[in-house]
Amino acid sequence: MHRLKLSKRDDAPLTILCIGAHSDDIEIGCGATVLRLLHEHPAAQCHWIVLSASGSEERAEEARSSARAFLGSHAASIEVKSFRDAYFPFHGEELKNDFEEFKRRLQPDIVLTHYKGDLHQDHKIVADLTWNTYRNHMILEYEIPKYDGGLGSPNFFVPVDESLVEAKIERLMTHFGSQRSRQWFTPETFRGLMRIRGLECNSPSGFAEAYYCRKCII
Ligand SMILES: [Zn+2]
């Protein structure tokens, strides 16, 4: 069996774009996948965009320090913006302008973003804008467990070693001090969802992250 190539060009390193509405979304949704891709593609470069840090410098710095911990030398850019948490639908024009600017500047091989069916209004609009912006790209939509529910049946799985599961959880718990008081923000939440997705794809380690893939061209 041939390994699928994710980079469009033979001579170019893999370029990844991660987009998250809030400061910890990327890590929760696709942190272990990012770690796996960077491990398997030593020259890979990753752009990391967080749209809201709740107007607090503490949360913005948490987002930056976590991104640095996940990406290390693979960090092509880390951007933390200041859209207001829970108000994204009311900032549609400014968000759209930012995504247009991303398009002019960033042409990734793979885009990791929110799920179009996510029940959180900020997540959903980010997913919609990602699809509006990147018309000829591989887009995978990650999932975020939440009070609203809405977890579904994703159709694209990335098995990950247990060491990457623990690395993801360790970084989440280390870098997001402001979230640790939330009753859901626990290693069990993150490990449990990855264990279920691992079960659903027969992951050798038992763990996986899962995505919604609407269109895939190989
Ligand atoms: Zn979020």
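**Exercise 1. Find which residues H74 touches, and decide whether H74 is buried or exposed.**

Step 1. Leaving out residues up to four places away in sequence, H74 touches L38, A44, Q45 and C46. The model is a predicted one.

Step 2. Place H74 in the chain: H74 lies in the loop between α2 (57–71) and β3.

Step 3. Count its surroundings. A residue is buried if 20 or more other C-beta atoms lie within 10 Å of its own. H74 has 21 other C-beta atoms within 10 Å, so H74 is buried.

Step 4. Look at a partner distant in sequence. H74 and T15 are 59 residues apart in sequence, and their C-alpha atoms are 9.6 Å apart in space.

**Exercise 2. Give the order of the strands in the sheet, and say which strands stand at the edges.**

Step 1. The sheet is open and has seven strands, in the order β3-β2-β1-β4-β5-β7-β6. Its pairing is mixed.

Step 2. Read off the two ends. β3 and β6 (156–159) stand at the edges, and each has a single partner strand, so one side of each is left without a neighbour in the sheet.

Step 3. Add the twist, which averages 25 degrees from one strand to the next.

**Exercise 3. State in which sense β4 pairs with β1 and with β5, and how many bridges join each pair.**

Step 1. Strand β1 (residues 15–20) and β4 run parallel and are joined by three bridges. Within this pairing, L17 has V111 of β4 as its bridge partner.

Step 2. Strand β4 (residues 110–114) also pairs with β5 in the parallel sense, over five bridges. Here L112 stands opposite L140 in β5.

Step 3. Consider the setting of β5 (residues 138–142). Four of its five residues are buried, so strand β5 is largely enclosed by the rest of the structure.

**Exercise 4. Name the strands that α1 and α6 touch where they pack on the sheet.**

Step 1. Return to the pairing of β1 with β4, which is parallel. Helix α1 (residues 25–40) packs on the sheet and touches β1, β2 (45–50), β4, β5, β6 and β7. The direction of α1 makes about 170 degrees with that of β1.

Step 2. Helix α6 also packs on the sheet, where it touches β6 and β7. Its direction makes about 75 degrees with that of β7.

Step 3. Take A210 as a residue of strand β7. With 27 C-beta neighbours inside 10 Å, A210 counts as buried. Neighbours within four places in sequence aside, A210 is in contact with E143, P154, F156, F157 and R197. The C-alpha atoms of A210 and P159 are separated by 8.5 Å, although the two residues are 51 apart along the chain.

**Exercise 5. Describe how α5 and α6 pack: their angle, the distance between their axes, and the residues in contact.**

Step 1. Two packed helices are described by the angle between their axes and by the distance between those axes. For α5 (residues 162–175) and α6, the angle is about 150 degrees and the axes are 10 Å apart. That makes α5 roughly antiparallel to α6.

Step 2. The crossing of the two helices, α5 and α6, is right-handed.

Step 3. On the α5 side the contact is made by V165, K168, I169, L172 and M173, and on the α6 side by P187, F190, R191 and M194. By class, this contact has seven nonpolar, no polar and two charged residues.

Step 4. Now consider R171, which is also in helix α5. R171 has 18 C-beta neighbours inside 10 Å and so counts as partly exposed. Apart from neighbours within four places in sequence, R171 is in contact with E27, G31, S66, A69 and F70. R171 and G31 are 140 residues apart in sequence but 9.3 Å apart in space, C-alpha to C-alpha.

**Exercise 6. Locate A86 and N202, and give the phi of each.**

Step 1. Most residues other than glycine have a negative phi.

Step 2. A86 is not a glycine, yet its phi is positive, at about 80 degrees. A86 lies in the loop between β3 (75–80) and α3 (92–105). With 14 other C-beta atoms within 10 Å, A86 is partly exposed.

Step 3. N202 is likewise a residue other than glycine with a positive phi, near 55 degrees. Its place is in the loop between α6 (187–200) and β7 (208–212). N202 has 10 other C-beta atoms within 10 Å and is exposed.

Definitions and conventions
Residues numbered from 1 in each chain as written. Predicted model: local features only at pLDDT ≥ 70, side-chain atom pairs only at ≥ 80, totals over all residues. Buried ≥ 20, exposed ≤ 12 C-beta atoms within 10 Å, placed from the backbone. Axes fitted to C-alpha atoms, helices over the stretch in contact; angles between N-to-C directions. Parallel < 35°, antiparallel > 145°, perpendicular 65-115°, else oblique. Left-handed = near helix turned anticlockwise from the far one by under 90°. Contact = placed C-beta atoms within 7 Å. Nonpolar A, V, L, I, M, F, W, Y, C, P; charged D, E, K, R; others polar. Pairing = 2+ DSSP bridges.
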